[in-house]
Each structure stands twice: as structure tokens, then as C-alpha cells.
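Got your viewer open? Load the model below and keep the selection tool handy.

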Amino acid sequence: MSKKTRNIIIAVAVLLVLVVGTLLVWNHFKPAAQVGAKAIALEVVHGDGSKKSFSIRTDAENLRGALEQEEGLISGSESDYGLYVETVDGETANMDNQEWWCFTKGGEMLMTGVDDTMIADGEQYEATFTVGW
């Protein structure tokens, strides 16, 4: 075996070890759903500006589970990205009028849908009726 071939094999082995190590570290530190009884808060801001607060106790892992399945607060249609929320607390947004529900956590817009938003005890969420893209 030539020196060049041996060096290539060593480089590939080192790269493989680095990739596997990175994946293991990421898997260990990735945000996980909190299992067990959790209490979260949801403030709904309706189209007329009125607000309604909900205290929710749940064993759900994600926001959809807590709001749809356990509380019946949201509904919508399935999409390639999960549930597209159309109705919150009985008020339905009309896409034809550029109406939609904006979900935030502690005032910051969520970067994931309700299916992919993992929840933890003590978190505060907001659902705001929004007009305009």
C-alpha cells in the first residue's frame, strides 16, 4: 500500500469519526419534549382585539396535542407541514381575506408549526389573529 493511499484511508477514517461524533453530540443536546404533567399558558388575541387567557395542564409533547387534542382550542386542515390552524377559540381566519393565526412563544414568533413545537412546563404561548401577509 502506497503512502498516498494510506493517508487517504486515514483522512476518511478521521472524517467518519468526526461526523459520527457530531451526530452523537447533536442527538444528546437536541431539544426534547418534556414528558409528564406540564402547565402552559395560552393567550388568544381575537380579531376584535379582545384577549382570552387559558391555563392548560397537559401530558402532550407538542403544542398541537395540548391545544387540539386535549383542550379543543384549535382546529384546521392537514398540510404537508402538519396542521394549518384555521380556528382558535371558536374564531376562524379566512385566507381569502389574508387572515391567519400567528403563534408566538413569549412574544417571539415560532419557527415551527404546532405539530413540531415541543412544549415544556411553564411556557407562555400566544395565538394572535392577524390580517395581511
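This short tour goes through some salt bridges and then a lone buried residue.

First, some ground rules: this is a predicted model, where local features need pLDDT of at least 70, side-chain atom pairs count only at pLDDT 80 or more, and totals for chains, interfaces and linings use all residues. Residues are numbered from 1 along each chain as its sequence is written, and side-chain values use heavy atoms, leaving out hydrogens and water.

Start by selecting R64 and E68. Both sit in helix 2 (residues 63-70; a helix is a DSSP run of H or I, at least four residues, and a strand a run of E, at least two, numbered from the N terminus). They form a salt bridge (a side-chain nitrogen of Lys or Arg within 4 Å of a carboxyl oxygen of Asp or Glu), with the closest N and O atoms 2.7 Å apart.

Now add E78. R64 forms a salt bridge with E78 too, at 2.4 Å between the closest N and O atoms. R64 lies in helix 2 and E78 in strand 3 (residues 74-79), so this pair ties together parts 14 residues apart in sequence. Select D115 as well: R64, E68, E78 and D115 are linked in a network of salt bridges.

Next, pick E126, in strand 8 (residues 124-131). Does E126 count as buried or exposed? E126 is buried (under 20% relative accessible area, with a 1.4 Å probe and protein chains only), yet has no salt bridge. The nearest side chain of opposite charge, K51, is 9.7 Å away. What does the side chain of E126 reach? Show the backbone nitrogen of G107, at 3.1 Å, and that of G106, at 3.4 Å.

How values were computed:
Buried means under 20% relative accessible area, exposed over 50%, partly exposed in between (1.4 Å probe, protein chains only). Lys and Arg count as positive and Asp and Glu as negative; His and the chain ends are not counted. A polar contact is a pair of N or O atoms within 3.5 Å; within protein, one must be able to donate a hydrogen and the other to accept it, and residues adjacent in sequence count only if both atoms are side-chain atoms.
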